[in-house]
Amino acid sequence: MKITPTYLSIISIILLLSFNKATAQTEQPQDSIEFEQKYGLRVGVDLSKLLRTAFQEDYRGFELVGDYRVYDSFYAAAEIGNEQITFDEGLIRATSSGSYAKIGADYNAYNNWQDMQNSIFVGIRYGFATFSQELEEYTIYTTTPYFDPDTRTPENGETTGLTANWIELMAGIKVEVLKNLFLSANVQLKRRIGQNTPSGFDNLSIPGFNRTYDDSQFGVGYAYTISYLLPLYKK
């Protein structure tokens, strides 16, 4: 079972409803009186990767997420993870596996009521991955119908020590569903900067970057996370 856009839409609707509910809980008007806000470290995991691992045979992945409130609406943020992605399109089957890290910052554009920590944010990341890619099998393409497809398995189709880096922009929401417990959803647009490729072959997928498409330098991604805020101080 694959995580389809329908499932993603349902989760997004749930998060939006939770966001509206959390916003409506405070009825008193906001005035010019300043109030203390929580500053601390928020850590969590990407639920979408855990769901894909459970339901998709061609995917294995895990990601830790975190951010730290630096000043008012600005957060330092990072993600670190591991992925194994299998590309299987009939004529070719290849698997990439490895680790990645992303570091950057988020800006919260939402003006919270007192004691609320919800956010509508935009962010930027620099991503870097180290991985291997294995060409498991491929079929020689032919337009002659008189011969059976020639499927081959390379004796040594694995290339290790590959690297790739990219820049990504993201936008999303975070909702405090319980005290210090947050659900979040975001979408990502990625632009590859550089990569190493196997000899005579190409990277069909990159951990942290996802699928690559022909000569395009762009990729997309999404995340649904659950995280917990460890309040360190207020100001």
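**Exercise 1. Find how much accessible surface the protein chain has, and what share of it belongs to carbon and sulfur atoms.**

Start with the total: in this predicted model, the accessible surface of the protein chain comes to about 13600 Å². Next, take the share: 58% of that surface belongs to carbon and sulfur atoms. Then turn to the inside, where 40% of the chain's 235 residues count as buried.

**Exercise 2. Work out the order of helices and strands along the protein chain.**

First, list the pieces: there are two helices and 11 strands. Now walk along the sequence, and you get α-β-α-β-β-β-β-β-β-β-β-β-β. To see how the chain meets itself, look at contacts with a separation of 6 or more: 68% of them join residues 24 or more positions apart.

**Exercise 3. Track down the residues of the nonpolar surface patch and say which strand gives the most to it.**

Step one is the patch itself, about 1100 Å² in area. Its members include Leu 41, Val 43, Tyr 68, Val 70, Tyr 228 and Leu 230. Step two is to go strand by strand: strand 1 (38-46), strand 2 (59-71) and strand 11 (218-234) each supply at least two residues. Strand 11 comes out on top, with four residues.

Step three is to pick out one more patch member, Val 122, which you'll find in strand 5 (residues 119-140). Is Val 122 buried, exposed or partly exposed? Its relative accessibility is 47%, so Val 122 counts as partly exposed. The cut-offs behind that are under 20% for buried and over 50% for exposed.

**Exercise 4. Classify the aromatic pair of Trp 166 and Phe 209.**

The structure holds four aromatic pairs, and this is one of them. Check the distance: the ring centres of Trp 166 and Phe 209 are 5.7 Å apart. Then check the angle: the planes stand at 70 degrees, so the pair is edge-to-face, given that the label needs over 60 degrees.

Now place both partners. Trp 166 belongs to strand 7 (residues 158-178), while Phe 209 is in the loop between strand 9 (205-206) and strand 10 (210-211). They're 43 residues apart, so the pair links distant parts of the chain. Finally, both Trp 166 and Phe 209 are buried.

**Exercise 5. Find which rings have the charged end of Arg 191 or Lys 235 sitting over them.**

Take Arg 191 to begin with: its charged end is over the ring of Phe 218, 5.4 Å from the centre. Then do Lys 235, whose charged end sits over the ring of Tyr 39, 4.9 Å from the centre.

Key: Residues are numbered from 1 along each chain as its sequence is written. This is a predicted model: local features need pLDDT of at least 70, side-chain atom pairs count only at pLDDT 80 or more; totals for chains, interfaces and linings use all residues. Side-chain values use heavy atoms; hydrogens and water are left out. Patches are made of residues with over 30% relative accessible area and no salt bridge: like charges are joined within 9 Å, nonpolar side chains (Val, Leu, Ile, Met, Phe, Trp, Tyr) within 5 Å. Accessible areas come from the Shrake-Rupley method with a 1.4 Å probe; for residues, only the protein chains shown count as cover. A salt bridge is a side-chain nitrogen of Lys or Arg within 4 Å of a carboxyl oxygen of Asp or Glu. Buried means under 20% relative accessible area, exposed over 50%, partly exposed in between (1.4 Å probe, protein chains only). Rings of Phe, Tyr and Trp (its six-membered ring) pair if their centres lie within 6.5 Å; planes under 30 degrees apart count as stacked, over 60 as edge-to-face and the rest as tilted. A charge sits over a ring if NZ of Lys or CZ of Arg is within 6 Å of the ring centre and within 35 degrees of the ring normal. Contact means heavy atoms within 4.5 Å.
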